[in-house]
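User: Hey, I'm new to this one. Can you walk me through it?
Analyst: Sure, have a look first and then ask away.

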Amino acid sequence: MCGIVGYIGKQQAFPIIISGLKRLEYRGYDSSGVVTIDENLKVYKKKGKVSDLLEFVKDKDTKGTIGMGHTRWATHGEPNNVNAHPHTSQNGHFVIVHNGIIENYARLKKRLEARGYSFKSETDTEVLANLIEYIYLKGKISAEIAVRLALTKVIGAYGLVINCINEPDQLIAARKGSPLVIGIGEDEYFIASDATPIIEHTNSVIYLNNDNIAVIKRDQLTLKTIDDDKLIPKVQKLNLGIGEIEKNGYDHFMLKEIFEQPRSIMDTFRGRIAADLSEIRLGGLLDIMPKLIKAKRIIIIGCGTSWHAGLVGEYLFEDISRIPVEVEYASEFRYRNPVIYEDDVVIAISQSGETADTLAAISLAKEAKALVLGICNVVGSSIPRETDAGVYTHAGPEIGVASTKAFTAQVTVLTMMAILLGKERGTITNEEYLNLIKELTYIPEKIKTTLKHDDYYKHIASLYKNATNALYLGRGYFFPVALEGALKLKEISYIHAEGYPAAEMKHGPIALIDENMPVFVIATKDKSYDKIVSNIQEIKARNGKVIAIVTEGDTNIKSMANHVLEVPNAHPVVTALLTVIPFQLLSYHIAVMRNCNVDQPRNLAKSVTVE
Ligand code: G6P
C-alpha cells in the first residue's frame, strides 16, 4: 500500500530511487514519482507504473545526491499525475512522500484554507506538507521541530520521508503504523518501506518503531521519539539474499514463488522438526506454551489468503488438538464488539505483518488481555512486534501480489502447532504424533511431484481461459482450499469465481451450473470421498464441466470428470498443502493467457496498510 524510498549520500540518488521503487512496486502501482535535490527540487510524477515514470523523466535533469520516491496505491484522490507523490508545500519549502492515511486531513485542510493555503491535489499528504510548512514559517523553527509538532496534530498512519529545501542536506523520516527501514552505508543512508530496495546496498538496517523520527544527514543519524526523547538506534543485520528478490529466470514472481514451495516449506520446518522426526519444537512459543495448552478457545484473525490459511487452522486445531476455534476476518472482528476472554488465545496470521485491520484486531485482543500470537512472514514487521509471541513462516520474500508460498508456509506452521498441541494436550497418541510429523515432512517431495504436471495444468488452462465464471468446491480441509482457488483465479485473471463447501452447492450455486461453467472439485481420498463423488455426479447431470483434483491412481473419478489433476496420496491432515498447488498454477496460466498482469493485478496491493 504505497512504497517509499529515500536516499542521502555521495552517489546519484535517481538510479537508486528508481531501482528501489521497482522493488516496491508490489505495494502499489497507480502512479509513481521522484524528487532529487541539489540547489533545486526536481519533482517528476506520472500516472502508471515506474516504467512510465522512467520514460517520462528520460531527458530531464535528475541530478542530486539526495532524493526520494514513491509508488502509489490510491486512497485519497484518483490515480493521476497531480495526486501522485512527492507533494510539495504551497511555498515550496517542503517536499514529502507518504505511505498511510491522515484520517483528520479534512479538518486540518479546512484550518489551513482559512489561513490562506490552497491545494492542488485531493490528497491527505499535501495537507500534511502544508501543515508542516505552516508551522515552520509561523514558528520560525527548524524543519525537524516543525515536523515533530505537525505530527502531534495528525491522527492516522504514516511512513514519511521529508526534505526541507532550506536545510537541503538532510532527510527526515517518521513512522506511525506504516513501516520504514533505514539502511546504513558509508556516509550514506537508504530509506524504504521494506528491506528489499536496501539489500543490494547494505545489510545493516534500523527498523523505525511507531512514533520514531529520524533526522538523517550523510554522516549522521539522530533518532528521537515524537516527544523529542533521544533514542539509541538498534542496528540489525538483514538475513536476505539478493537472489530472493529477483525473478531468477522465471517469467513472473508468482511462478517463481509457486515453484519455490518445496523449499519454502522446508525452510518453515527448519530447526523446528527434529532431524530424527521425533519432535516439533516451536522456539517462539516455548514461553507461552503452558497458556496455549490450556486455551479454552482459539480465535484466528487475518485477511485475504491469510484468512483462508486460518480456516485450514480451524480444521487442524479442532481435529488434532480438540480446541474450539473461531476464524474471523480482522476487519469484521475489530468493529463488531467481539467477546474475548482472558483465557482466549488469538492468533493473527499475516504474510506482510503490516495489514492495518489485523493490527487493529490485535490491539483489541490485547486490551481484552487475551494471549496474542502472530504467524508472519516478514521478519521485523509490525505484527510480530505487537504480539506476545509467535512463529515466523520463513517462506522468504513474497513479491507476487497473489499470495502462494506464504499460504503454504502459514498452513505448515498451523499444522506444526496443531500437532504439537495435540501431543501436549493428550488428544493424539504418541504414535499419531510421530506419524503426523512424518506425513508433514513428506509434503515438499510430494509438491515437487505435483509441480511436474505443470504442462498439463497449462493445457487445462487453455481450455478454460475464456470462462466468465468458475466454481470451486471442497469439503473439510478442502473447503478453505476451494476458497483460495477461487480467490487466486479472480484476483489475477479477473474471472468471477466462487468457493463453496461442496455440500452447499445444492443451496444455490447449483442453479448456475450449465455447460459453460467449469467446476473445480477437490476429490482426494478421505472420509468425505463418497459424498464428493455424489456432488460430481450432480454437476455432470447438469452438464457442468468437472475438473477434479484426485489422489494419484483414482480411476473412479476419472471416469466421471472431464479432467482429473492428480496429487500424490497423503494424510488428509496435510493434503490441503498439495491440493492448492494445481489451483495456483491453473490461475497463473489462465491469467498469462488472458494477458493479465500476473504480479501486479489491477487495483490490488500486496500489503494493505489502510482500512
Ligand atoms: C492483500 C494481498 C493478499 C493477502 C492479504 C492479507 O489483499 O493482496 O495476498 O492475503 O492482503 O495480507 P497479509 O500480509 O496480512 O497476509
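Analyst: One term up front: a polar contact is a pair of N or O atoms within 3.5 Å; within protein, one must be able to donate a hydrogen and the other to accept it, and residues adjacent in sequence count only if both atoms are side-chain atoms. This is a predicted model, where local features need pLDDT of at least 70, side-chain atom pairs count only at pLDDT 80 or more, and totals for chains, interfaces and linings use all residues. Residues are numbered from 1 along each chain as its sequence is written, and side-chain values use heavy atoms, with hydrogens and water left out.

User: OK, how far is the ligand oxygen from the side chain of Ser350?
Analyst: An N or O atom of the Ser350 side chain sits 2.6 Å from an oxygen atom of the ligand. For Thr355, a polar side-chain atom is 2.4 Å from a ligand oxygen. Thr305 uses a polar backbone atom, 3.0 Å from an oxygen atom of the ligand.

User: And how much of the ligand does the protein bury?
Analyst: 90% of the 390 Å² that the ligand exposes when taken alone. Those areas come from the Shrake-Rupley method with a 1.4 Å probe; for residues, only the protein chains shown count as cover.

User: How many residues surround it?
Analyst: 13, with Ser306, Ser350, Gln351, Ser352 and Thr355 the closest. To count, a residue needs a heavy atom within 4 Å of the ligand.

User: Which helix gives the largest share of that shell?
Analyst: Helix α9 (residues 304–321), with three residues. Helices (H or I, at least four residues) and strands (E, at least two) are DSSP runs, numbered from the N terminus.

User: New topic: what order do the strands of the open sheet come in?
Analyst: The seven strands run β5-β6-β7-β8-β12-β13-β14, with antiparallel pairing. Strands pair if DSSP finds at least two bridges between them. At the edges are β5 (87–88) and β14 (230–231), each with a single partner strand, so one side of each has no neighbour in the sheet.

User: How many bridges join β6 and β7?
Analyst: Nine, between β6 (residues 94–102) and β7 (residues 156–164), in the antiparallel sense. Ile96 stands opposite Ile162 in β7.

User: Last one: which peptide bond is cis?
Analyst: The one from His85 to Pro86, with omega near 0 degrees. Pro86 lies in the loop between β4 (66–72) and β5. Asp187 is worth a look too: it isn't a glycine, yet its phi is positive, about 55 degrees. Most residues other than glycine have a negative phi, and most peptide bonds are trans.
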